[in-house]
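Work through the exercises below with the sequence and the structure at hand. Each task is followed by a solution in steps.

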Amino acid sequence: MSHTDPSPRPVLDVWCELQCPDCRTALGDLRALRDRFQDALDIRLRHFPLERHRHAHAAAQAAEEAIAQGRGWPFVEAVLERTEELGTHGEPLLVEVARELGLDAEEMDTALVDGRHILIVDADQAEGKAIGVTGTPTYVIGGERLDGGKSQEGLRERVEEIAARLVAERS
């Protein structure tokens, strides 16, 4: 794994892209998972920007900058709530969302220009392809890959089931 994490918590990798309506649909599931498991489950954002969404790669970089500024998930959720707007406005919307959340918007803008987070995004994308991610959202937990790009029916229940088992095994 490229992300080394000393924590013994079970990990849920969420392969996501911020211009994807299916990922926006999955927001409720992600919130419910976070509420249910709190700190017992390590929910990690992984980037899988799709070619057909031209602002998705910039949005992934922006999410990394938001993580660096300590507000990763709030930023991701705020951008996902506005996927259509991202499609039409592109990078200025990312900077505006950062400003609305009280992040350093100038630093966000600079990060998008200097490309400091490109390597993380590209590494995630390469890893996603290597493990068979083809669309978003895709969840990977306990060695199992669950593809939410086709259908999200019953997905959260399945993720919860696996997560609950993994959490129980560690306590």
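**Exercise 1.** In this predicted model, find which residues Leu94 is in contact with, leaving aside its neighbours within four places in sequence.

Solution. Step 1: take contact to mean heavy atoms within 4.5 Å. Step 2: search around Leu94 and skip residues within four places in sequence. Step 3: list what remains. Leu94 is in contact with Ala58, Ala59, Ala62, Phe75, Val79, Leu86, Met108 and Leu112.

**Exercise 2.** State how many residues the largest nonpolar core has, and which helix gives the most to this core.

Solution. Step 1: count the members. The largest nonpolar core has 43 residues. Step 2: pick out those with the most contacts inside this core: Leu12, Leu18, Phe75, Leu94, Met108 and Tyr139. Step 3: look at the helices. Helix α4, residues 72-80, gives the most to the core, namely six residues. Step 4: check for a further core. Another one, of five residues, lies apart from the largest core, and Trp15, Phe48, Val133 and Val140 are among its members. As background, in soluble globular proteins nonpolar side chains tend to be buried together.

**Exercise 3.** Decide whether Leu41 is buried or exposed, and find which residues it touches.

Solution. Step 1: locate the residue. Leu41 sits in the loop between α2 (27-37) and β2 (42-47). Step 2: compare its accessible area with the cut-off. The relative accessible area of Leu41 is 3%, and buried means under 20%, so Leu41 is buried. Step 3: list its contacts. Not counting residues up to four places away in sequence, Leu41 touches Arg9, Pro10, Val11, Leu12, Ile141 and Ala163. Step 4: take one pair separated along the chain. Leu41 and Leu166 are 125 residues apart in sequence, and their C-alpha atoms are separated by 9.0 Å.

**Exercise 4.** Describe the whole chain: its elements, its compactness and its burial.

Solution. Step 1: count the elements. The protein has nine helices and four strands. From the N terminus on, their order is β-α-α-β-α-α-α-α-α-α-β-β-α. Step 2: judge compactness. The radius of gyration is 16 Å, close to the 16 Å that the globule rule gives for 171 residues, so the protein is as compact as a globular protein of that length. Step 3: consider burial. Buried residues make up 50% of the 171 residues. Step 4: consider contacts with a separation of 6 or more. Residues 24 or more positions apart account for 71% of these. Step 5: turn to the surface. The protein exposes about 8300 Å², and carbon and sulfur atoms supply 50% of this area.

Key:
Residues numbered from 1 in each chain as written. Predicted model: local features only at pLDDT ≥ 70, side-chain atom pairs only at ≥ 80, totals over all residues. Heavy atoms only, no water. Helix = DSSP H or I, 4+ residues; strand = E, 2+ residues; numbered from the N terminus. Rg over C-alpha atoms; globule rule 2.2 N^0.38 Å. Buried < 20%, exposed > 50% of the residue type's maximum accessible area, 1.4 Å probe, protein only. Areas by Shrake-Rupley, 256 points an atom, 1.4 Å probe, with all protein chains shown as cover. Core = buried A, V, L, I, M, F, W, Y, C linked by side-chain atoms within 4.5 Å.
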